[in-house]
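Let's walk through this structure together, starting with how its strands are arranged and then moving to its helices and a few unusual backbone spots. Keep the sequence and the 3D view open as you read.

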Amino acid sequence: IDQAMIVFSPSGKRGSFPIGTSVLQAARELGVDLDSVCGGRGMCGRCQVQCASGEFSKHNIISHVENLGESTSVEARYQRIHGVFADGRRLGCQAIIQGDLAIDIPAESQVHRQLIRKALDHANITINPAVRLYVVDVQEPDMHDPSGDLRRLKQALMIEWGLTGLNASLGILRQLQETLRKGKWQVTVAVHENRSGAGTFDIIGLWPGYKEAIYGVAIDVGSTTIAGHLCNLATGQVLGSSGAMNPQIRFGEDLMSRVSYVMMNPGGDVDMTHAVIEAINDLIRAVSTLSGILPEDILELTFVANPVMHHLLLGINPIELGGAPFALCTDESLQLPAAQMGLKVHPLASVYLLPCVAGHVGADTAGVVLSEQPQGLDELSLLVDVGTNAEIVLGNRERLVACSSPTGPAFEGAQISGGQRAAPGAIERVRIDPQTLEPKYSVIGSDTWSDDPAFAMDAAAVGVTGICGSGIIEVVAEMFLAGIINSDGVLNGELAARNSRIEANERTFSYLLHKGAEDGGVTVRITQNDVRQIQLAKAALYAGIRLLMDRLQVERVDRIRLAGAFGSHIDVKYAMVLGLLPDCDLSQVSSAGNAAGSGALMALLDKEARTEIEQIVRCIEKVETAVEADFQQHFVEAMAFPHKTASFPELGK
Ligand code: FES
């Protein structure tokens, strides 16, 4: 038989093959990364290739598709269904080699392709999921071969796909016989790579005939909000994202108040677990509807959460996290059946939880590290995720240290007299004239500043309802810059005599930021106590960061990444004016967006990312703020604006 020389790019792999071989076959023999779900049946369209030089055969291996009841070529059918095949691409499983060829494998046709996700905070995600679909034709039983249907299914998976060490649960056995017969002995199988033993696999889904796609959801369970991204597990495409409030708020605003709730109400943890699972099920339903898929087609979920949320999600009483030594029930990553957690997805779907770092540094921080990859850089990165606790990581490729610091909820607008969450009506930006002390501000939901004539209309439409976290940071910083408060955070009462913005209330003073309308609108004042709350929160944050810097014996950090909603809303300049963060080139301080959620997404789409984060987390050194003797000292010094001793030369630049 005549032979032809075939070269694949980008791998550069080459070999000689008999004329008449399919491109997919040649790729497999050379170990070239060319995707396929249907195993060359011309159904999945994943094996697309492009001819760089030479020519493919004009006709396909399969010339018509019988099960459609019409005589069309496989590629024409595929093109019609999917509307693809740009640039003269062909299905690799259908194109036949008839002479020497150079073949390009486009990125989308590679099994381990890279997905550049601009929408999700430039995380560079490899698509290599733990669950994959395989189409097989199973040998029909006959009187001379007494083997069971499962044995023949396993045989088919081994012969066509080289899969061994396969396990099937009772759920699969219960549907096996009916599905095989319904599909006329052709089925699509979802196989999950088992983590307990390398090279073993669980069959977790079974469908008659060809199944086009399965899905996964990455979920970030925060104390305040829950966010989820729904993806196609094969292509990595994010089909929809959705967020919801964490209903546990009704049991306690912050983490510690939820733990106290359990301490005072035995069984309260069960109620909180039910509430969060119900909210997650609602979110999954909503994002599925939005994306036009069924929740039953979701076969994998990944979760990140702080330690208390992590325990409550699993139905583990979080009471031990309420006091020293803050022991976690488990800090390891977990792989569990979704049904056991009460999640309403495919009945055999599985859940992966990222590992926790320590008692107060959770799987959410593991997600941030996975997405930010500080361990890959020479520069010293400071990662800060501010919630009711700040979770902080500092380090580079040599060493990583982490701690959690009790900032409390002030940065989220809680425990502030006019404070509220970031929602329409909240004051979010503030400027104060240092001469007149007159403020101007903008509110969420309006594009204008309060001194703009259009604002009155906007404000009337939106209505000022309070001040959110970023607003409170700006107003306190502006009050400091305008001399309304001194570096100890004390309001200057002498100003009250000559400026009506400064109001006396008993023994302290407050600053009048917004006066509500006569007819009962909300008035927003910044009281001495509000300033105090911000001082306590920022001192805790700075002291935590400082402890980590001490541990690494450094005086400066090279870059700062702020994760979460706090990071995307605050103006870093003001954060530095108040001394929330250590001195750093301002151009190197940026928001990391929902980095924890991006980490969950990476773990969903790439099984190697799980191994990676499990290894990194074991190397992170934990610093426990509660027992570090220097924490108190750092805390006291950081109470001053911007700081008692530290300087911030970058701010002056
Ligand atoms: Fe599925 Fe070619 S391998 S269409």
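Two strands count as paired if DSSP finds at least two bridges between them. With that in mind, look in this predicted model for an open sheet of three strands, ordered S22-S21-S23, whose pairing is mixed. At its edges are strand S22 (439–443) and strand S23 (466–467), each of which pairs on one side only. Strand S21 (residues 426–432) and S22 run antiparallel and are joined by five bridges. If you would like a place to zoom in, Ile427 stands opposite Val443 in S22.

The loop between S21 and S22 deserves a pause, as it holds Leu437. This residue is not a glycine, yet Leu437 has a positive phi of about 65°. As background, most residues other than glycine have a negative phi. Is Leu437 buried or exposed? The count of other C-beta atoms within 10 Å of Leu437 is 20, so Leu437 is buried; the cut-off for that label is 20 or more. A helix belongs in this picture too: helix H10 (residues 469–481) lies across S21 and S23, and its direction is at about 15° to S21.

Now move to the other open sheet, which has five strands. They follow the order S2-S1-S5-S3-S4, again with mixed pairing. Strand S2 (14–18) and strand S4 (90–91) are the edges; each has a single partner strand, so one side of each has no neighbour in the sheet. Further in, strand S3 (residues 48–53) and strand S5 (residues 101–104) run antiparallel, with three bridges joining them. In this sheet, Gln50 stands opposite Asp104 in S5. Helix H1 (residues 23–30) lies across strand S1 (3–9), S2, S3 and S5, and runs at about 135° to S2.

Between S1 and S2 there is a loop, and Pro10 lies in it. The peptide bond from Ser9 to Pro10 is cis, with omega near 10°. Most peptide bonds are trans. Another cis bond runs from Phe641 to Pro642, where omega is near -15°. Pro642 lies in the segment after helix H16 (629–638).

Next come the helices. Two packed helices are described by the angle between their axes and the distance between the axes. How do helix H3 (residues 149–161) and helix H4 (residues 170–182) score on these, and at what angle do they cross? Their axes come within 10 Å and cross at roughly 75°. H3 and H4 are therefore roughly perpendicular to each other, since angles of 65 to 115 degrees count that way. Asp149, Leu150 and Leu153 make the contact from H3, while H4 contributes Leu173, Leu176, Gln177 and Leu180. Sorted by class, the contact of H3 with H4 has five nonpolar residues, one polar and one charged.

Just along the chain, Lys184 sits in the loop between H4 and strand S10 (186–194). Lys184 counts as partly exposed because 13 C-beta neighbours lie inside 10 Å. For a sense of distance, Lys184 and Glu296 are 112 residues apart in sequence, and their C-alpha atoms are 23 Å apart in space.

Another loop to visit is the one between helix H7 (307–314) and strand S16 (334–337), where Phe326 lies. Phe326 is not a glycine either, but its phi is positive, about 55°. With 16 other C-beta atoms within 10 Å, Phe326 is partly exposed.

Helix H11 (residues 528–552) gives you a check on helix geometry. H11 has 25 residues and reaches 36 Å from its first C-alpha to its last, close to the 36 Å expected at 1.5 Å a residue. Right after H11 comes Gln553, whose phi is positive, near 55°.

Finally, zoom out to the whole chain. Its secondary structure comes to 16 helices and 29 strands. Along the principal axes, the C-alpha atoms fill a box of roughly 100 × 55 × 55 Å. Of the 653 residues of the chain, 47% count as buried. Among contacts between residues at least 6 apart in sequence, 66% join residues at least 24 apart.

Conventions:
Residues numbered from 1 in each chain as written. Predicted model: local features only at pLDDT ≥ 70, side-chain atom pairs only at ≥ 80, totals over all residues. Axes fitted to C-alpha atoms, helices over the stretch in contact; angles between N-to-C directions. Helix = DSSP H or I, 4+ residues; strand = E, 2+ residues; numbered from the N terminus. Parallel < 35°, antiparallel > 145°, perpendicular 65-115°, else oblique. Contact = placed C-beta atoms within 7 Å. Nonpolar A, V, L, I, M, F, W, Y, C, P; charged D, E, K, R; others polar. Buried ≥ 20, exposed ≤ 12 C-beta atoms within 10 Å, placed from the backbone. Expected span 1.5 Å × (residues − 1).
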